[in-house]
Amino acid sequence: MVKAISLYSGGLDSTLAIKVLRMQNIDVIALSFATPFNNIEEKRSMLERVAEELGCELMFVKLGREYLDLVRYPKYGYGKALNPCIDCKILMLKRAKEIMIERGADFIATGEVLGQRPMSQNRKALRIIEEESGLKGLILRPLSAKFLPPTIPEKEGKVNRSALLSIKGRSRKVQLELARKYGIKEYFTPASGCLLTDKRFSDRLLDLFLFKGKKKIGINDVELIKVGRMFRIGDKARLIVGRNEEENRQLKTLCKKGDFVLIVENVPGPLSIVRGIVNFNGLKLAASIIARYSDVNSKAQAKIIVYNYDFSNVITEITAPPIGNDLIERLRV
Ligand code: SF4
């Protein structure tokens, strides 16, 4: 039986690509990548359900440290935000190639649509991705196949080219019609995927790059900038303020050696973390920002206790009035 590894993000295009292959009775392993910038693992049960309906195995691969290096120094640059789509696809396809060899598959498929995304889905980018991943002629894009040169599995008769599709461009009309026709109801919307395409998150990530200088970025650093409100309280220090109980809890779990934890004592208020090198004035500024998000009256003062990262020591206590709106906006990342 012909076997394919098909990249599966949970979006409609990658679901349809698998469907098209399954309709040719090709054995498909749906391959999903969890990166530090998507929350695909949380949606695993949906992916499993869809994979079962499509009659294919689901495989998960986690990309961690190496993915962070790639995001920081992409060979082919960024898209509109900090999304290094070409480098990202090359890395995923290199992994897919290893799995293709291990599992004895014949080729790799993706849900890419020619002309859908300006950066990574034009002819030149598709060619670069193929060459750099060492998969020349072995990447089939079932949705746009008729606009692209025949791949090796098509030439070898393992895939029937005439049953592949000719979709091109940014409109999703054809895909939505096909989803209705094939009864595909569960898929993620295009906006729900990768945080790197989000402008606001990218600003925070860029700030993290500047903050770290030449030092490596860790998964914990990335997790921290996903949570709460973030402020620059000096060249070398950042303040993260929880927005609700859940974020306060998350921040607690993200504390690491060298961080300061700030808690409002006299009124209800958020839990906050200061990370970096900070003096007493920096902590005072942090206390005023935290006071702004506490229940303290605008003319009163909040009492803030500063702990070390694991709450084993009280470093200091600060009383501070809530900061003004103008200044807070200048400090916000
Ligand atoms: S949107 Fe994100 S996951 Fe998708 S190719 Fe670009 S960087 Fe990779």
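Which residue of strand 11 stands opposite Tyr-307? That residue is Val-314, and the strands around the pair are a good place to start. Welcome to a predicted model, in which local features need pLDDT of at least 70, side-chain atom pairs count only at pLDDT 80 or more, and totals for chains, interfaces and linings use all residues. Residues are numbered from 1 along each chain as its sequence is written.

**Strands 8 to 11**

Helices (H or I, at least four residues) and strands (E, at least two) are DSSP runs, numbered from the N terminus. Two strands pair if DSSP finds at least two bridges between them. Here are three such pairings:

| Strands | Bridges | Direction | Opposite residues |
|---|---|---|---|
| 8 and 9 (residues 271–276) | 4 bridges | antiparallel | Phe-260 and Val-274 |
| 8 and 10 (residues 302–308) | 5 bridges | antiparallel | Val-264 and Ile-304 |
| 10 and 11 (residues 314–320) | 6 bridges | antiparallel | Tyr-307 and Val-314 |

Leu-262 also has a partner in strand 10, standing opposite Val-306. A hairpin of 6 residues links strand 8 to strand 9. Strand 10 and strand 11 form a hairpin too, with 5 residues between them, and Phe-311 in that turn has a positive phi of about 65 degrees.

Strand 8 (residues 260–264) has alternating side chains: Phe-260, Leu-262 and Val-264 point to one face and are buried, whereas Val-261 and Ile-263 point to the other and are not. Buried means that 20 or more other C-beta atoms, placed from the backbone, lie within 10 Å of the residue's own; 12 or fewer makes a residue exposed, and anything in between partly exposed.

**Helix 4**

Helix 4 (residues 85–102) has 18 residues, which at 1.5 Å a residue should span 26 Å; its end C-alpha atoms are 26 Å apart, in agreement. The expected span is 1.5 Å times one less than the number of residues. Among its buried residues are Cys-85, Cys-88, Lys-89, Ala-96 and Met-100. Their cover includes strand 1 (3–7), strand 2 (27–34), helix 3 (65–72) and helix 5 (123–132), where contact means C-beta atoms, placed from the backbone, within 7 Å. After the helix comes Gly-104, with a positive phi near 65 degrees.

**Around the ligand**

Cys-85, Cys-88 and Lys-89 are also among the residues around the ligand, together with Asn-83, Pro-84, Ser-120, Cys-194, Leu-196 and Thr-197. A residue counts as near if its C-beta atom, placed from the backbone, lies within 6 Å. This shell holds 5 nonpolar, 3 polar and 1 charged residues. Nonpolar covers Ala, Val, Leu, Ile, Met, Phe, Trp, Tyr, Cys and Pro; charged covers Asp, Glu, Lys and Arg; the others, Gly among them, are polar.

Note on methods. Two residues are in contact if their C-beta atoms, placed from the backbone, lie within 7 Å.
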